[in-house]
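Hi everyone, thanks for making time today. Let me put the structure up on the screen, and then we can walk through it together.

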Amino acid sequence: MELLLVILIGILYAAGIFMLLRRSMVKLLIGLTLLGNGANLLIFLLGGITKGKPPVIDSAAKLFTDIYADPIPQALILTAIVISFGLQAFAIVLLKRVYVLINSDDLDDLNTPEEEDI
């Protein structure tokens, strides 16, 4: 299971970096999303995968005799998902506004001045 997640994380990072290097603003946003998902999976993997065990320990237990899932990485990932969703929503609105203003999705069109402005 861990090997599959490591391969998936590598694919997400590679695809995210590839998309970041494209000239389209939409592909840039998709690349950031893929990198964020890869980072979430990496935190999940480093937190330890414990199949079938809840992250809750019985209050009557005096000693940890059984393996349990660590709740900290799960809480970090949940927080990261909520923050990345807000960031993506803001970026989509910003990209739509830029597209309305310049009628292009190309990042190079943001740097070149119009001939009417000169």
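**A buried aspartate and its partner**

Let's begin with D106, which is buried, at a relative accessible area of 18%. Please keep in mind that this is a predicted model.

So what does D106 pair with? D106 forms a salt bridge with R23, and their closest N and O atoms are 2.5 Å apart. As general background, side chains of opposite charge can pair when their charged atoms come close. Now look at where the two sit: R23 is in the loop between α1 (2–20) and α2 (25–46), while D106 is in the loop between α3 (71–102) and α4 (108–111), so this pair ties together parts that are 83 residues apart in sequence.

R23 has another partner, too. Its side chain meets that of D108 in a salt bridge, at 3.2 Å from N to O. D108 belongs to helix α4 and R23 to the loop between α1 and α2, so here the parts tied together are 85 residues apart in sequence. D108 counts as partly exposed, at 36% relative accessibility. Because the salt bridges share partners, R23, D106 and D108 join into one network. A search of the whole structure finds two salt bridges.

Next, please turn to helix α3. It has 32 residues and reaches 46 Å from its first C-alpha to its last, close to the expected 46 Å. Which residues of α3 are buried? They are P73, I77, A91, L95 and V98, and the buried residues of α3 pack against α2 and α4. After α3 comes N103, with a positive phi near 55°.

Thanks for listening!

Key:
Residues numbered from 1 in each chain as written. Predicted model: local features only at pLDDT ≥ 70, side-chain atom pairs only at ≥ 80, totals over all residues. Heavy atoms only, no water. Salt bridge = Lys/Arg side-chain N within 4 Å of Asp/Glu carboxyl O. Helix = DSSP H or I, 4+ residues; strand = E, 2+ residues; numbered from the N terminus. Buried < 20%, exposed > 50% of the residue type's maximum accessible area, 1.4 Å probe, protein only. Expected span 1.5 Å × (residues − 1). Contact = heavy atoms within 4.5 Å.
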